[in-house]
Amino acid sequence: MASPLERPLAARRLRASFRRLGLKLAGLALLVVLLVVGVSRIDVAHDLHAMRVRVLSGESDGNYHALVARFARAAAAQHGIIENQPTAGSAENVLRLGGAARSCEVQFALAQAGSDWGPGLQLLGRLAKPEAILFLGRNADGMTELGDLEGMRIGIGPAGSGTDRLMRQIFALPELAALHAVLSNHPGQEELQLAELGDLDLAVLVIDQDAPLVSEWVLRHGLGMAGFFHAESVARRLPHLGVGRIAAGDYDAVKDIPRLDKKVITVETVLVGNGCASRVATIDLLGVVSSQLPDFVRHNRETPNTTGLALSPVAADYFANEGPQLADIYLPWLVDVMPPANWAYVVMGVSLLFNAMGFGHRFRLWRIDAARVKLEGEL
């Protein structure tokens, strides 16, 4: 029989055993909960439900607006939201997205390359198909030399628009300034109507050459299109400009409109952001753009950036990997905290720390053993 002294000791040992068991069970339960939460945060069936962004486009009947509307439809098919915000064009987009008027109510915009970029703006990508600078007029078909523009009345879009800014850049070049062309500002439709009536010699559009607006005024209203043999001599003076070609019969192969190939000056369209959107939303938007424009990634990887704007680190990762990384797809909440490359550095740093701690522990044990051997020897 146990003595009265042993019974309290046995009871205390039993209570201690139950406490240890309870702590183990609590730790196991916590581990299971953490595992379940972690698995639930993995985006196995990835879609665009986390993307809610606003994009500044352009006039409601313009190419920028139509392009963003196309992106919005593609995003909606995958449960994402792209709000298409109409504006007066490229210049307003840049002003609203960056600088003193910067607001995180909008996160992205389309604009012309070479715009007057405000602080805080980042380049997210350049569209592979540039916009053409088209000179339309009643007698424009016969214009093949830049000298033909001497003394002409030329409409260059609304005041402060991207077309206005770009044309004033071009006509500020010394050889074109000597032509003394008369530049005037008009809304887009009004400018084309004035050109049709002959009140303007030429109306300038900076637009996708295949836009319905161009076809309408060339085919239905009979406006001709100028083409300049020496377009390269202008384009090379401004790094954000290029040269393209509109083939004979592009607008009507039967009636042969235009009659001859037209060499035109071009400018890239760019997607810019102000850094307000999360990494995941930015990656998702780039994914939508690349799904609708198959040459988007290749163009940004293989051609130089002449926009005058630095490429966003998120976009640089996207183009370097030719798409999103696995963490961007399956662990979006994690990469929003820190980019995948930084997580790799964290893991490497923790590994180095543990290795250093292990080395320190082994060093201390070695010194303890050495001291013990020394004491034994002295004893």
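**Exercise 1. Compare the expected and modelled span of helix α9 (residues 279–292), then find how well α9 is covered.**

Step 1. Helices here are DSSP runs of H or I with at least four residues, strands are runs of E with at least two, and both are numbered from the N terminus. Helix α9 has 14 residues.

Step 2. The expected span is 1.5 Å times one less than the number of residues. For α9 this should give 20 Å, and the end C-alpha atoms are 20 Å apart, which agrees.

Step 3. Now turn to burial, where buried means under 20% relative accessible area, exposed over 50%, and partly exposed in between (1.4 Å probe, protein chains only). Eleven of the 14 residues of α9 are buried, so the helix is mostly covered. Among them are Arg-279, Asp-284, Leu-285 and Val-289.

A word on the model: it is predicted, with local features needing pLDDT of at least 70 and side-chain atom pairs pLDDT 80 or more, while totals for chains, interfaces and linings use all residues. Residues are numbered from 1 along each chain as its sequence is written, and side-chain values use heavy atoms, leaving out hydrogens and water.

**Exercise 2. Locate the disulfide and describe its geometry and surroundings.**

Step 1. Search for cysteine sulfur atoms within 2.5 Å of each other, the cut-off for a disulfide. The whole structure yields one: Cys-104 is joined to Cys-276, with an S to S distance of 1.9 Å.

Step 2. Check the handedness. The torsion about the S-S bond is about -60°, so this disulfide is left-handed.

Step 3. Place both ends. Cys-104 sits in the loop between α3 (90–97) and β3, and Cys-276 in the loop between β12 and α9, so the pair ties together parts 172 residues apart in sequence.

Step 4. Look at accessibility. Cys-104, at 46%, counts as partly exposed, and Cys-276, at 23%, also counts as partly exposed.

**Exercise 3. Work out the strand order of the five-stranded open sheet and see what lies across it.**

Step 1. Two strands pair if DSSP finds at least two bridges between them. The order is β2-β1-β3-β12-β4, with mixed pairing.

Step 2. Find the edges: β2 (81–85) and β4 (122–126) each pair on one side only. The twist averages 30° from one strand to the next.

Step 3. Inspect one pair. β4 and β12 (residues 269–273) run antiparallel over four bridges, and Gly-125 has Leu-271 in β12 as its bridge partner.

Step 4. Add the helix. With contact meaning heavy atoms within 4.5 Å, α2 (residues 63–76) lies across β1, β2, β3 and β12. α2 runs at about 165° to β2, using axes fitted to C-alpha atoms (for helices, over the stretch in contact) and angles from 0 to 180 degrees between N-to-C directions.

**Exercise 4. Decide how enclosed β8 is, and identify its partners.**

Step 1. Count buried residues: six of the six in β8 are buried, so the strand is largely enclosed by the rest of the structure.

Step 2. Sort the side chains. Leu-202, Val-204 and Val-206 point one way, while Ala-203, Leu-205 and Ile-207 point the other way. Such alternation between the two faces of the sheet is what a regular strand shows.

Step 3. List the pairings. β5 pairs with β8 in the antiparallel sense over five bridges, including Ala-132 with Ile-207. β6 (residues 153–155) pairs with β8 in the parallel sense over two bridges, and there Ile-154 has Leu-202 as its bridge partner.
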